[in-house]
Amino acid sequence: MSEAAALDGGRPDEKAGLTTRLVCWWTIFRIALEERLAYRGDFALGTLMRFLPIITQIFLWWAIFESIDGDLVGYSFPDMVAYYLLSMLGRAFSSMPGLASTIAKQIRDGELKKFLVQPIDLIGFFLLGRVAHKLAYYTISTLPFALVFYLCRDYFTDGWPSAYVMTMFCFSLILAFLLGFFMDLCIGLIGFWFLEVSSLLFIYMLFNFFLSGHMFPLDLLPSGIQAAVSCLPFKYLAYLPAAIFLGKIDSELLWIEMTTEVLWLVILICVARLLYGRGLRRYSGYGG
Amino acid sequence: MPIIEINNLSKSYRVYQKREGLLASIRGLFHREYRDVHAVRDVSLSVDKGEFVAFLGPNGAGKTTTLKLLSGVIYPTGGSASVMGYTPWVRENAYRRKFALVMGQKNQLWWDLPAQESFRLHQQIYRIDQRDFQSTLDELTELLDVSELLSRPVRELSLGERMKMELIAALLHSPEVLFLDEPTIGLDVVAQHNIQQFLRYYQEQRGITILLTSHYMKDIAALCKRVVVITDGTIKFDGSLAGVIDSFSGTKLVRLQLADRQSADGLEQFAEVESVELPKVTLRCEKSAVTKTLATVLQKYEVEDVSVEDPPLEEVIADLYATGAATEQATQEVSR
Amino acid sequence: MPIPPEPQHPSYAKVFLTFARNSLVRDMMFRANFLIEAVSSLSWAVMNVGFYWIIFEHANSIGAQTGWEKYEFFVFMGTTWIINSIVQAFFMPNSEEFSELIRTGGLDFAMLKPIDTQFLISLRKVAWSSLANLVLGIVIVAISLAQLASRAEDPWQFQPAMLVLYPLYIACGVAILYSLMICLAATSVWLGRNQTLYDFWFYITNFSRYPMEIYARGWGLPLLVVFTFVIPVLVVVNVPARLLAEPLSPRASWEWPLAGFTLLATLGCLCFSRWVFRTALLSYRSASS
């Protein structure tokens with residue numbers, strides 16, 4: 001059986017058996033992983049550099065806390081550092097460098113046509129590629145991450161959270177990955193309608209950076225704005241995992257937050273499916 | 001006094017050897033295997049002013065590398081070269097003002113701008129006097145018939161038109177030596193023909209020296225009196241196009257026009273039968289055996305007409321490439 | 001009259017003007033894109049202002065007794081934008097393209113031209129839209145200075161020397177950042193694909209975005225030394241911002257030597273980047289077609 005024929009993803013009612021499909025998905029996954037590992041220099045540099053902004057943040061907040069007395073909206077200086085470290089971890093799961101731009105580029109260059117011809121599901125294909133990408137990233141970056149967290153262990157003044165909170169934390173990281181993926185995917189798929197999405201992408205990244213809590217804990221925002229920002233899905237990408245770990249969210253609210261996050265995920269999956277379906281139809285309509 | 005003089009020029013470089021498979025990729029993160037590729041080895045060549053020389057050879061044989069060495073874009077690992085008295089890789093401004101390189105697969109014009117704007121930039125970079133610039137540009141655009149396209153963004157031009165613009169960009173500063181790397185690649189027959197004609201005319205008019213690599217035999221047959229065959233980084237042949245056939249083909253084709261009703265049966269005893277389309281039959285035999293075979297055949301068969309020809313150039317070159325590729329595989333040295 | 005000798009060098013100013021002009025022609029072809037780019041880089045700047053605005057809601061200075069209160073700090077930030085936007089307008093697109101040229105072999109053409117290759121590579125394109133931030137930076141500096149000049153105690157005073165020193169040190173800052181950037185881009189000759197170039201650049205220059213005093217504590221001291229004397233990104237914004245935001249005298253004893261050092265560092269960086277660039281060209285392999 002040829003590989004192309006085996007590449008059947010999205011439709012469970014097709015004839016291809018489960019094993020064949022798994023083999024096919026494994027192949028895609030492996031190729032993506034190999035591709036990522038081929039660029040060693042890039043990888044090593046990238047991982048190392050990722051921690052530099054944390055250092056400047058630590059010193060900035062160190063200086064700021066020096067000029068005020070006590071806490072800042074419930075964060076002490078160690079809390080603040082711990083927050084940044086944890087939000088980095090959140091970003092490591094939720095950021096999708098190059099995903100939206102790759103999709104938009106493939107749409108523009110007509111490369112995406114292969115998904116019309118081959119029986120591959122685009123969304124599944126990209127999701128697997130991303131999982132591979134992330135796994136490759138984690139294999140390289142676990143060590144530096146562990147090292148940095150170990151060096152900064154004193155900033156975590158409350159020690160490890162309870163097993164329950166830990167579970168929720170891990171769960172929120174996985175959700176952050178999925179949410180981040182589908183948000184980026186949707187932006188990329190807008191490329192079906194607007195050929196040039198790079199600017200849109202930049203603005204999206206800006207909002208993402210600012211409103212996800214990567215730049216500062218969202219608690220710092222004036223209360224009116226904070227309420228508005230809380231209604232957006234961005235906060236799940238960095239702020240929420242960190243806030244959960246630091247015990248900033250009590251257990252009742254935690255459930256509500258997690259449920260809302262899952263809802264957001266479902267909505268985004270539907271939107272992505274819709275965009276993909278409509279876009280593809282529009283795409284093939286060109287005929288060119 | 002030759003205008004281009006190359007002595008024992010060599011270029012080798014290391015490439016990372018990527019292995020198949022996931023485990024190998026992971027291993028590749030920590031330990032890499034390299035392989036030395038000898039792109040050019042001990043090439044010596046001399047070209048006189050006004051010559052139009054073709055480099056022939058399979059992909060990866062070292063033709064382009066040689067042109068790049070002569071352009072000063074890369075540094076050799078050994079040997080020397082001199083073009084118009086300059087050592088190319090010193091990259092003196094004086095040298096760079098006197099030659100040009102055109103690559104069929106890369107473009108140097110600004111993609112989104114009309115070619116005219118790129119030409120202006122060239123004028124500034126090469127400091128071409130406004131009057132000279134205008135007259136050269138007029139002449140070139142007229143010869144290549146692209147005057148109307150000057151103000152159109154390059155991205156909207158066809159491949160052939162773009163190549164013409166690339167040629168103009170390269171010739172604006174009236175180079176004395178021109179290196180052409182597959183200038184007609186991917187072009188249709190008409191565009192190829194146009195560019196050939198232009199090159200021949202321009203070279204005859206200006207008497208400039210041109211080195212050309214191409215895969216199209218038509219280019220070479222139309223333009224070059226001298227052919228240099230490179231395979232596996234070394235020069236295998238240097239001489240006329242006819243000489244290529246002489247020295248690389250050991251066989252000749254004997255074409256027979258048999259008389260009516262004469263059957264072709266039994267001819268295979270005397271020589272290899274290439275084709276039978278009665279009454280025409282084509283035989284292939286060793287050069288040395290041509291006379292003997294022909295005598296025997298004429299004796300035993302009724303033949304109305306006979307001719308002896310060289311095999312077609314394409315075929316000879318294809319054979320040459322095939323043997324070149326085979327030896328290339330064998331000579332790449334694997335090292336750590 | 002003797003015939004003038006054939007010019008050996010192109011007129012660099014004219015070539016640069018042609019580059020700038022061509023870039024503008026190109027930008028104007030994609031006008032919508034140009035506008036969006038300008039707007040998006042502006043909104044990034046505004047978000048940063050917002051961030052610090054929030055911080056100054058909670059604290060009144062960055063560090064105790066450093067003198068970086070709200071408007072002094074906004075002068076600092078404005079200076080950051082001015083320097084960064086100049087770098088982004090003139091050098092960033094070219095450095096990014098430099099890596100791409102190395103990867104695709106397009107560098108060949110640049111090397112053939114009878115003009116300094118580093119000049120050609122560094123200034124080929126101008127991203128006019130990035131200059132929006134230059135305007136914003138100047139506006140922020142102007143507003144902040146006005147605020148400082150009108151405050152009740154110890155108002156800011158204009159001094160003529162600032163007119164010379166501020167632009168001079170802005171230029172030094174730009175030169176240092178440019179050197180760093182071209183060195184980073186040149187590494188793609190050895191590292192192959194260098195996607196992280198932009199990240200690396202961002203992370204390194206990140207250190208320059210804050211007053212250097214914040215590092216003057218605990219384990220920040222080694223960083224202070226490294227990023228002042230080894231990779232001098234800390235002097236890039238600090239020196240000009242300090243000159244402008246605080247009175248010329250009295251000065252802390254280390255400030256004038258630091259200003260002197262900045263000049264030396266600029267020279268050193270430029271020379272070093274030239275050396276790296278040349279070495280990179282020697283290793284350039286020219287990707288085949």
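## Three chains, from a helix end to an all-helix partner

Just after helix 6 of chain A, A:Gly110 takes a positive phi of about 80°. Helices here are DSSP runs of H or I with at least four residues, strands are runs of E with at least two, and both are numbered from the N terminus. This is a predicted model, in which local features need pLDDT of at least 70 and side-chain atom pairs count only at pLDDT 80 or more, while totals for chains, interfaces and linings use all residues. Residues are numbered from 1 along each chain as its sequence is written, with chains lettered from A and ligands numbered from 1 in the order in which they are written.

**A helix of chain A with a buried side**

Let's step back into the helix itself. Helix 6 of chain A covers residues 99–109, and A:Leu99, A:Ala100, A:Ile103, A:Ala104 and A:Ile107 are buried there. A residue counts as buried if 20 or more other C-beta atoms lie within 10 Å of its own, as exposed if 12 or fewer do, and as partly exposed in between, with C-beta atoms placed from the backbone. These five residues sit on the same side of helix 6 of chain A, because they cover an arc of only 130° around the axis; the arc is that of the directions from the helix axis to the C-beta atoms. What do they pack against? The buried residues of helix 6 of chain A meet helix 8 (122–151), helix 9 (163–189) and helix 10 (198–211) of chain A. Contact means that the C-beta atoms of two residues, placed from the backbone, lie within 7 Å.

**The sheet of chain B**

Chain B brings in strands. Six of them form an open sheet in the order 5-6-7-3-8-9, with mixed pairing. Two strands pair if DSSP finds at least two bridges between them. Strand 5 (99–103) and strand 9 (234–240) of chain B are the edges, each pairing on one side only. On average, neighbouring strands of this sheet are turned by 15° against each other, direction ignored. Axes are lines fitted to C-alpha atoms (for helices over the stretch in contact), and angles run from 0 to 180 degrees between N-to-C directions.

At one edge, strand 5 of chain B runs parallel to strand 6 (residues 177–181) of chain B over five bridges, and B:Leu101 has B:Phe179 as its bridge partner in strand 6. Helix 2 (residues 63–71) of chain B packs on the sheet, touching strand 3 (52–56), strand 5, strand 6, strand 7 (209–213) and strand 8 of chain B, and its direction makes about 150° with that of strand 6. Helix 9 (residues 241–248) of chain B also packs on the sheet; it touches strand 8 and strand 9 of chain B, at about 120° to the direction of strand 9.

B:Arg226 belongs to strand 8 (residues 226–231) of chain B. Having 16 other C-beta atoms within 10 Å, B:Arg226 is partly exposed. Beyond its neighbours within four places in sequence, B:Arg226 is in contact with B:Glu51, B:Val53, B:Gly239 and B:Ser240.

Elsewhere in chain B, strand 10 (residues 251–258) and strand 13 are antiparallel and joined by six bridges. One of the pairs is B:Leu256 with B:Val306 of strand 13. Strand 13 (residues 303–309) of chain B lies largely in the open, because the number buried among its seven residues is zero.

**Chain C and its two contacts**

What is the secondary structure of chain C? Chain C has 13 helices and zero strands. Its radius of gyration is 21 Å, close to the 19 Å that the globule rule gives for 289 residues, so chain C is as compact as a globular protein of that length. That radius is taken over C-alpha atoms, and the rule is 2.2 Å times the number of residues to the power 0.38. Of the 289 residues in chain C, 44% are buried. Residues 24 or more positions apart account for 82% of the contacts in chain C with a separation of 6 or more.

Both other chains touch chain C, as the table sets out.

| Side touching chain C | From this side | From chain C | Gives the most | Classes |
|---|---|---|---|---|
| Chain A | 29 residues | 34 residues | Helix 4, ten residues | 21 nonpolar, five polar and three charged residues |
| Chain B | 28 residues | 27 residues | Helix 4, six residues | twelve nonpolar, seven polar and nine charged residues |

For these classes, Ala, Val, Leu, Ile, Met, Phe, Trp, Tyr, Cys and Pro count as nonpolar, Asp, Glu, Lys and Arg as charged, and the others, Gly among them, as polar. On chain A, the elements giving two or more residues to the side that touches chain C are helix 3 (40–49), helix 4 (52–66) and helix 10. On chain B, the elements giving two or more are helix 2, helix 3 (93–96), strand 5 and helix 4 (115–126).
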